[in-house]
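Colleague: Please show me the model. I have some questions about how it packs.

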Amino acid sequence: MIQKRSFIVLSALLAVLFFAPLAYSQSTPKKTESRSKLFEETTTDSDYLMAIEKASAVMETAYNDADFDGASHHLFGEIRRTQSKLDLILASLKGANPNVRNQQMYRVVLKEIQQELDEQNDAINLRNKNLEKIKDRFIELRKDKTLVGLIKDTIRRKQFKNEFANLRKKYKNTDSLMTKNQGVLNKNKRLTVERKIAVSNALITVENTLEKSGISMLRKEYPFIWNVTDSIPNKQVTQSIGSKVLIEESVAAYYLSYRAGGLLTLAFLMGLLGWYISRNLKYLKSNGHAESLALFNFKYLNRGVIIPVAIIGLNIAVVSNLYAPALFIEILELILLGFLTILFKNKWSANAMRNWTFLLGLFLALCFLDLFISVSLLQRCCFIIINGFGIRYGLVQIKSVKGELYIKGFFKWASIIFIVFNGLSILYNIFGRVSLSNMLSLTAFISITQIIALSVLLKIILEVIILQIYTTRVKRGIEKIFDHENLSETLKKPFIIIISYMWLVVIGSNLNIWESLRTSFGSLLSHPNTIGSITFTLGNILLFFIIIWIAHLLQKYVAYFFGEIDDDENEENINKRQHSKLLITRLVVLIVGYLLAVAASGMPLDKLSILLGALGVGVGLGLQSVVNNFVSGIILIFDKPIQIGDVVDISSESGRVKSMGLRTTKINAPNGAEIIIPNGNLLSQNITNWTYTDNFKLVDIAVEITGETTPEDINAIISESLESITLVNNAKPSQIYYTAISEGKYKIQVKFWCSIYKTEETVSTARQVLFSSFKAKGLDFSA
């Protein structure tokens with residue numbers, strides 16, 4: 001209809017512009033006037049040329065705009081790719097195994113194709129509108145009185161014969177191009193509409209299949225197992241297996257190409273992780289720390305880097321490909337379990353390895369039966385046998401596997417799920433609910449194997465972090481072996497939450513309830529709630545607290561990336577600049593976290609100003625000290641009157657600064673007590689910082705020498721003795737003062753420099769060395 005209308009408009013315009021001769025005999029003759037014509041408006045040849053040039057420019061730009069640009073050709077390429085993708089899905093949908101995994105993949109891909117078709121349809125409509133706008137430019141030419149007057153004037157029109165010929169040529173070219181492109185757009189629009197209908201029908205089929213095989217299915221699909229009679233020839237069974245293998249291969253190959261970008265990105269990131277781990281191991285071994293590295297008792301990193309990194313990548317791939325086809329996801333699972341077997345070899349006990357291998361065999365048989373064997377008496381009986389072995393395995397044999405794992409708490413729940421699901425699978429199978437039975441069987445085995453894989457994943461991640469911390473410390477010159485076991489117990493707590501989420505997602509996806517749970521939970525969180533004039537959602541509130549929790553978690557554990565741990569109190573050569581960077585990093589993490597949390601909460605600025613006003617009232621009433629300490633902490637971080645590792649005297653307290661926070665500062669006293677001082681008190685009191693410039697302190701010893709000697713000899717003995725003591729800083733000259741001199745008796749004050757961290761040890765050593773030196777000279781020494 002649009003094309004027909006445009007043709008009529010353009011044809012009429014062409015007739016008006018070029019083929020509308022006008023007989024001047026029909027015009028009314030002008031009356032002669034006696035008044036002067038000097039000031040009458042006349043149209044000159046220049047005006048006619050400008051009108052023709054304007055029309056030519058309109059046609060030139062119309063031709064350029066009507067031609068398809070690079071974006072349009074890209075759109076047509078996308079339309080062709082969508083068609084090929086849809087053809088593959090529709091062909092696979094007809095013959096593939098109707099299990100939950102495949103149907104979930106079809107649903108996700110079909111919804112994406114549906115969205116692509118909507119976008120392509122919108123893009124085609126936009127280009128149709130652009131063509132309509134181009135046609136409107138031609139219609140606007142009819143309003144040009146000069147051009148219309150020239151067309152009507154047959155005598156003057158002959159003067160511009162060449163210009164009109166060029167104008168006619170441009171018009172025909174533009175008209176031909178627009179007609180052609182209009183046809184291309186209409187053809188693609190028609191195909192897009194047809195594909196949208198096909199996608200809608202396919203989605204209805206998939207949704208019906210998923211509903212029938214869902215966990216809520218209450219009706220039986222097949223006869224009771226004692227009523228089944230199979231008479232299928234072996235040849236037909238073999239042909240069925242072969243055809244199903246081909247179909248599953250095509251579905252898995254399509255999904256592999258469909259997710260190739262994401263899988264390649266994951267492989268690249270895992271390659272970077274493997275390179276980083278290898279670099280740290282190589283650095284430690286090349287610098288003579290191989291023996292120290294063995295003290296960490298790595299369980300998996302000592303078996304090489306490739307397999308641990310592959311296990312990390314495969315665990316992520318399993319969780320991130322929730323809606324992959326059955327063959328694809330089960331191949332990933334089997335490859336993951338194969339790598340785990342290599343890691344467990346020679347590490348687990350013989351009994352545990354036998355039980356692990358038996359579990360792999362059951363899982364492999366289950367996958368084969370589910371994918372390639374049609375529902376029959378044979379398949380149902382095999383499933384019952386496997387479920388029976390599974391129940392016995394969960395009750396007896398699984399204990400030996402549990403003893404070898406890093407996380408044992410979750411394994412208890414996985415074992416319960418494993419036993420219960422296998423038992424339910426037998427009951428559903430016997431009474432004809434075969435789809436539900438098969439789904440529960442696969443979920444049972446995947447839940448138990450996945451929790452084992454995730455346990456290994458957690459241990460590998462902790463070993464990687466420990467390796468990073470130790471490498472960073474060695475590069476800083478700190479070779480002390482820290483308590484890595486307690487540190488691992490501290491670090492694993494946040495990772496357990498992530499591991500639990502990954503495990504529950506895998507179970508929910510295999511039971512075909514994850515999507516509905518996520519949708520229900522999402523609608524609950526996004527539902528607007530109103531209190532007074534404030535409207536909020538539970539999702540925004542939850543996101544607010546999650547971001548704040550993550551920010552506090554990051555600022556707590558960010559020190560480990562700097563190689564800092566809690567047992568560094570006795571380090572003499574502490575890197576104060578590094579600690580300052582760490583404090584600033586913690587502050588930035590907290591500030592950014594709180595800003596993101598406020599932004600994520602969706603709270604309007606006017607409501608936020610009310611909240612800040614209320615907070616101001618709270619500060620005025622009772623939070624002055626909290627805000628004072630917080631601001632004082634920021635001042636301490638940037639002004640740096642004290643830093644971590646400094647030895648300070650504050651009022652009546654003294655000790656070494658252990659840590660500095662935004663609210664308080666911890667000081668280790670010489671007697672072992674930990675003194676917690678609010679930051680506001682630090683800024684309001686005089687601080688004696690013994691290590692502000694360097695770590696050396698001037699100490700003195702009062703000695704008394706008795707015997708026949710001279711001050712010159714005493715000075716020489718003291719200087720030689722102090723130079724022989726390695727704890728004394730001889731780069732700074734020692735000082736000797738005589739407080740009293742009498743015949744054969746000298747009272748002396750000896751001052752020298754030493755490390756403030758070893759003051760008492762240095763003074764004690766100096767007294768011993770001086771005593772021995774003077775006694776060797778036959779002089780009496782007392783101090």
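Questions and answers on the sheet, the cores and single residues follow.

Modeller: This is a predicted model: local features need pLDDT of at least 70, side-chain atom pairs count only at pLDDT 80 or more, and totals for chains, interfaces and linings use all residues. Residues are numbered from 1 along each chain as its sequence is written, and side-chain values use heavy atoms, with hydrogens and water left out.

Colleague: Which strands stand at the edges of the four-stranded open sheet?

Modeller: Strands (DSSP E runs of at least two residues) and helices (H or I runs of at least four) are numbered from the N terminus. Strands pair if DSSP finds at least two bridges between them. The sheet order is S9-S10-S8-S11, with antiparallel pairing. Two strands have a single partner each, so one side of each is left without a neighbour in the sheet: S9 (735–742) and S11 (780–782).

Colleague: How many bridges join S8 to S10?

Modeller: S8 covers residues 696–706 and S10 covers 745–755. Ile701 stands opposite Val750 in S10. The two strands run antiparallel, and the bridge count is eleven.

Colleague: Which helix packs on the sheet touching S8, S10 and S11?

Modeller: Contact means heavy atoms within 4.5 Å. Angles run from 0 to 180 degrees between N-to-C directions, on axes fitted to C-alpha atoms, for helices over the stretch in contact. The helix sought makes about 30° with the direction of S8. It spans residues 759–776 and is H25.

Colleague: Where does the largest nonpolar core lie?

Modeller: A nonpolar core is a set of buried Ala, Val, Leu, Ile, Met, Phe, Trp, Tyr and Cys residues joined through side-chain atoms within 4.5 Å. This one has 111 residues, and helix H16 (434–475) gives the most, 23. Two domains, with bounds from an automatic or database assignment, both give residues to this core, so it lies between domain 1 (45–217) and domain 2 (238–481).

Colleague: Is Thr192 buried or exposed?

Modeller: Buried means under 20% relative accessible area, exposed over 50%, and partly exposed in between (1.4 Å probe, protein chains only). Thr192 lies in helix H7 (161–212). Leaving aside neighbours within four places in sequence, Thr192 contacts Leu117, Asn121 and Ile124. Its relative accessible area is 0%, so Thr192 is buried.

Colleague: What is the relative accessible area of Gly304?

Modeller: Gly304 is in the loop between helix H10 (290–294) and helix H11 (306–320). Its C-alpha atom is separated by 9.9 Å from that of Ile277, 27 residues apart along the chain. Gly304 is partly exposed, at 29%.
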